[in-house]
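Colleague: I should be grateful for a close look at a single helix and its surroundings. Please treat one part in detail and connect the findings.

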Amino acid sequence: MSAPPTTKPKLAVWKFASCDGCQLTLLDCEDELLALSEAVEISHFLELSNTITAGPYDLSLVEGSITTAADRDRIRAVRAQSRFLVTIGACATAGGIQALRNFADIDDFLSVVYARPEYIDTLATSTAISAHVPVDFELRGCPIDRRQLLEVITAYLAGRRPNIPDTSVCTECKRRGLTCVMVADGTPCLGPVTHSGCGALCPSVSRGCYGCFGPTTDPNLAAMSGWLRTCGMNEDAIGRIFATFNVAAYGSEGHDRGAPE
């Protein structure tokens, strides 16, 4: 007598306002993605296939920020049919580069960029997914790290907490035995206030960290600004170095929303 067929967990990947880079990180997993497809049913992932299976979904990965009223409604529908929802990348966790609009008048942007701004339906701000629905975990990066992504997916499928260290890039430099570019060379570096995950990529080639993985849980921005001044940066330059794809995240609370119950 044959055993009854097992039901695979359903995985869905969703896109909102973004560049698709974090979804491409999942596609770049290649061999690991093949193994993953044997363990789960990839039910919704338009970057991979136009084949769609209806929810509910055991795990939803969400890339992108909320910038329109339609997407605000859509993310609520995604949340309603997802057991666990994990946001991936700077757009989904902090609003992305498009959150620069949050600090200016959206009408001014529309009048400059579009010939017929009256046809544009947009919100005044670009916000993280967690501003609209409960999020179970946020994975930082621009783009995210493939190893961390696989760890998060594996953890949720196994029903355990993702093992993503809540440390700074400086700890990764120390693990790799790298000389501090800021102390040794006077190179501006956001490593002390930036979440780990990249493997200290830029410091490993004698460049300062650009903050791709967003701020640590409790960044000391006052001290960081002081160090940047010591490295020769003026106030305008300091403002610009923080005004990137994680601009809306600096000074906010930590992003870890917990683990599967």
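**Helix α3 and its packing**

Modeller: In this predicted model, the buried residues of α3 pack against three strands, namely β1 (10-15), β3 (57-63) and β4 (82-88). The residues concerned are Asp71, Ile75, Val78 and Arg79. Around the helix axis they cover an arc of only 95°, which means that they lie on the same side of α3. Ala70 and Ala80, by contrast, are exposed on the other side of the helix.

The length of α3 can be checked as well. Its 12 residues should span 16 Å at 1.5 Å a residue, and the end C-alpha atoms are 17 Å apart, so the two values agree.

Among the buried residues, Arg79 merits separate attention. Arginine 79 belongs to helix α3, which comprises residues 69-80. With a relative accessible area of 15%, arginine 79 falls under the 20% limit and therefore counts as buried. A polar atom of the arginine 79 side chain lies 3.2 Å from the backbone oxygen of arginine 83. Leaving aside residues up to four places away in sequence, arginine 79 touches Phe84, Leu85, Val133, Pro134, Val135 and Asp136. Two of these contacts may be set beside the strand packing: Phe84 and Leu85 are touched by arginine 79, and β4 covers residues 82-88.

In summary, α3 has its buried residues on the same side, and these pack against β1, β3 and β4, while Ala70 and Ala80 are exposed on the other side.

Notes
Residues numbered from 1 in each chain as written. Predicted model: local features only at pLDDT ≥ 70, side-chain atom pairs only at ≥ 80, totals over all residues. Heavy atoms only, no water. Helix = DSSP H or I, 4+ residues; strand = E, 2+ residues; numbered from the N terminus. Buried < 20%, exposed > 50% of the residue type's maximum accessible area, 1.4 Å probe, protein only. Polar contact = N/O pair within 3.5 Å; in protein donor to acceptor, adjacent residues only side chain to side chain. Contact = heavy atoms within 4.5 Å. Expected span 1.5 Å × (residues − 1). Arc of directions from axis to C-beta.
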